Amino acid sequence: FEFCNQLKEISLPPNLTEICTCTFNGCTMLKQIIIPSTTTIIGNFAFYECSSLEEITIPTSVTILGQNAFDKCKSLVSIEIPSSVTKIKSECFKLCASLKQVTIPSSISSIELGTFEFCHSLISIEIPSSITSIGSSAFSNCVALKTISIPSSCTNIEDHAFENCIYLNSIEIKSNLTVIQNYLFNSCFSLTQITIPPSVTS
């Protein structure tokens, strides 16, 4: 269904196990879709640039959200990720400009490269205590983000992770982080408070 840009709705078969790479890529008129409870994988670029998609329910059968799966879904306001999901691949929600809230389950151990990059409406996000790593540019250009708390489980935050979060005013790092990477908080113009743990050496 790639580039079926007049497709507004679709009913998926009840025994579907995987939404493959680029299945609905460029379906710019698609507003709503129900994913069957048998689906375990949402593939890379599966809903890329579904710019009219306003809501989507991810069933508890899903374990993997693919790379760029919801990238450029600029009308998507909120999404709940079930605890069955163990992997959210890089840039999964990049450029979801209307995304205001998202729940990351404790089944996730890492937030990969660019996962929420350019999510301009994201005000807050709770990072669960299961997270051990935050990838490069994971939250960069999240211009509405105001506060962030890094749990003690997180031992690695890569470069540019919070770059250009211009309204970020408070950061609490509870973890045993040892290195503050390049450009980690670059251009965070509103930052007034940050707690850096004693474990940081460079």
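In this predicted model, the lining of the largest cavity breaks down into 5 nonpolar residues, 2 polar and 1 charged. The residues in question are Ile-88, Ile-104, Ile-108, Ser-110, Ile-111, Glu-112, Thr-115 and Phe-116. The cavity has a volume of about 40 Å³, and the structure holds just 1 cavity of 30 Å³ or more.

Phe-116 also turns up in an aromatic cluster, together with Phe-1, Phe-24, Phe-47, Phe-70, Phe-93, Phe-139, Phe-162 and Phe-185. The count of aromatic pairs comes to 9. Take Phe-139 and Phe-162: their ring centres sit 5.4 Å apart with the planes at 5°, so this pair is stacked. Phe-139 belongs to the loop between β11 (133-134) and β12 (147-150), while Phe-162 belongs to the loop between β13 (156-157) and β14 (170-173), so the contact ties together parts 23 residues apart in sequence. Phe-139 is buried, at 0% relative accessible area, and Phe-162 is buried too, also at 0%.

Phe-162 has a second stacked partner in Phe-185, since those ring centres are 5.8 Å apart and the planes meet at 15°. Here again distant parts of the chain are linked, with Phe-185 in the loop between β14 and β15 (193-195), 23 residues from Phe-162. Phe-185 has a relative accessible area of 16%, so it counts as buried, the cut-off being under 20%.

As for the strands, 4 of them make an open, parallel sheet in the order β2-β4-β6-β8. β2 (18-19) and β8 (87-88) are the edge strands with a single partner each, so one side of each has no neighbour in the sheet. β2 is joined to β4 (residues 41-42) by 2 bridges, and Glu-18 has Ile-41 as its bridge partner in β4.

Technical notes:
Residues are numbered from 1 along each chain as its sequence is written. This is a predicted model: local features need pLDDT of at least 70, side-chain atom pairs count only at pLDDT 80 or more; totals for chains, interfaces and linings use all residues. Side-chain values use heavy atoms; hydrogens and water are left out. Two strands pair if DSSP finds at least two bridges between them. On a 1 Å grid over the protein atoms alone, a cavity is a set of points where a 1.4 Å probe fits but cannot get out, and a pocket is an open set with protein on both sides within 12 Å along at least five of seven lines; lining residues have an atom within 4 Å of a point. Grid points are joined across faces, edges and corners, and a volume is the space filled by probe spheres set on the points. Ala, Val, Leu, Ile, Met, Phe, Trp, Tyr, Cys and Pro count as nonpolar, Asp, Glu, Lys and Arg as charged, and the others, Gly among them, as polar. Rings of Phe, Tyr and Trp (its six-membered ring) pair if their centres lie within 6.5 Å; planes under 30 degrees apart count as stacked, over 60 as edge-to-face and the rest as tilted. Buried means under 20% relative accessible area, exposed over 50%, partly exposed in between (1.4 Å probe, protein chains only).
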